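Colleague: I would like to learn how to read a model like this one, feature by feature. Please take me through it.

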Amino acid sequence: MRSAQLVPVFNVVCVMCSRSAGQIVCGRFVRRATARPPVRGHDGSRCGECGGNLYLEPAESVTQFMASQLVQPPRTDGAVPLRAA
Ligand SMILES: [Zn+2]
């Protein structure tokens, strides 16, 4: 039996405004497209909205496939690649 290996995911949440700045997937920060990116403070990353401290909140694990989709989302800008005529 093959079981899909699950990847732990953490939500990156601000303690001040409780906005989610993104997620940590496979140890990589994945920015939430609708949120301001965190800013770098001298003691770590801070909320891009209010400058509050960020903390990691354990989220539901995802499969390797879903993790790869999260880390490298499929391009949605050019719907169909143009072919050279
Ligand atoms: Zn904040």
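Modeller: We go from the overall fold to the sheet, the turns, the core and the prolines. Keep in mind that this is a predicted model.

Colleague: What does the secondary structure of the chain come to?

Modeller: The chain has one helix and six strands. Along the sequence the pattern reads β-β-β-β-β-β-α. Of the 85 residues in the chain, 14% are buried. Among contacts with a separation of 6 or more, 55% join residues 24 or more positions apart.

Colleague: How should I read the sheet, and what order do the strands have?

Modeller: The general idea is that strands of a sheet pair through backbone hydrogen bonds, either parallel or antiparallel. Here four strands form an open sheet in the order S3-S2-S1-S6, and the pairing is antiparallel. Strand S3 (28-31) and strand S6 (54-63) are the edge strands, each pairing on one side only. On average, neighbouring strands of this sheet are turned by 30° against each other, direction ignored.

Colleague: How many bridges join S1 and S6?

Modeller: S1 and S6 pair over eight bridges, in the antiparallel sense. Valine 7 stands opposite valine 62 in S6, and asparagine 11 stands opposite glutamate 57 in S6. Asparagine 11 also has a bridge partner in S2, which is glutamine 23.

Colleague: And how many bridges join S1 to S2?

Modeller: S1 and S2 run antiparallel and are joined by five bridges. Between S2 and S3 there are four bridges, again in the antiparallel sense. One pair to locate there is glycine 22 with its bridge partner in S3, arginine 31.

Colleague: Where does helix H1 lie with respect to these strands?

Modeller: Helix H1 (residues 64-71) lies across S1, strand S2 (20-25), S3 and S6. The helix runs at about 130° to S6.

Colleague: Let us turn to the connections. What should I look for in a turn?

Modeller: Backbone phi is a useful check: most residues other than glycine have a negative phi, and most peptide bonds are trans. S1 and S2 form a hairpin with five residues between them. Serine 18, in the loop between S1 and S2, has a positive phi near 50° and is not a glycine.

Colleague: Is serine 18 buried or exposed?

Modeller: Serine 18 counts as exposed because its C-beta has 10 other C-beta atoms within 10 Å, and the cut-off for exposed is 12 or fewer.

Colleague: Which residue has a positive phi in the turn between S2 and S3?

Modeller: That residue is cysteine 26, in a hairpin with two residues between S2 and S3. Its phi is about 55°, although cysteine 26 is not a glycine. Cysteine 26 has 14 other C-beta atoms within 10 Å and is therefore partly exposed.

Colleague: Which residues make up the largest nonpolar core?

Modeller: That core has six residues: Val12, Val13, Cys14, Ala21, Cys47 and Leu54. Strand S1 (residues 6-14) gives the most to this core, with three residues. To see the surroundings of one member, take cysteine 14. Leaving out residues up to four places away in sequence, cysteine 14 touches Arg19, Ala21, Cys47, Glu49, Cys50, Gly52 and Leu54.

Colleague: Now the prolines. Where is proline 38, and why is it classed as buried?

Modeller: Proline 38 lies in the loop between S3 and strand S4 (39-41). This proline is buried because 20 other C-beta atoms lie within 10 Å, and 20 or more is the cut-off. Beyond neighbours within four places in sequence, proline 38 is in contact with Ala21, Ser45, Arg46, Cys47, Gly48 and Leu54. From proline 38 to glycine 51, 13 residues apart in sequence, the C-alpha to C-alpha distance is 8.2 Å.

Colleague: Where is proline 58 placed?

Modeller: Proline 58 is in strand S6. With 10 other C-beta atoms within 10 Å, proline 58 is exposed. Its C-alpha atom is 4.5 Å from that of phenylalanine 10, although proline 58 and phenylalanine 10 are 48 residues apart along the chain.

Definitions and conventions: Residues are numbered from 1 along each chain as its sequence is written. This is a predicted model: local features need pLDDT of at least 70, side-chain atom pairs count only at pLDDT 80 or more; totals for chains, interfaces and linings use all residues. A nonpolar core is a set of buried Ala, Val, Leu, Ile, Met, Phe, Trp, Tyr and Cys residues joined through C-beta atoms within 7 Å. Two residues are in contact if their C-beta atoms, placed from the backbone, lie within 7 Å. Two strands pair if DSSP finds at least two bridges between them. Axes are lines fitted to C-alpha atoms, for helices over the stretch in contact, and angles run from 0 to 180 degrees between N-to-C directions.
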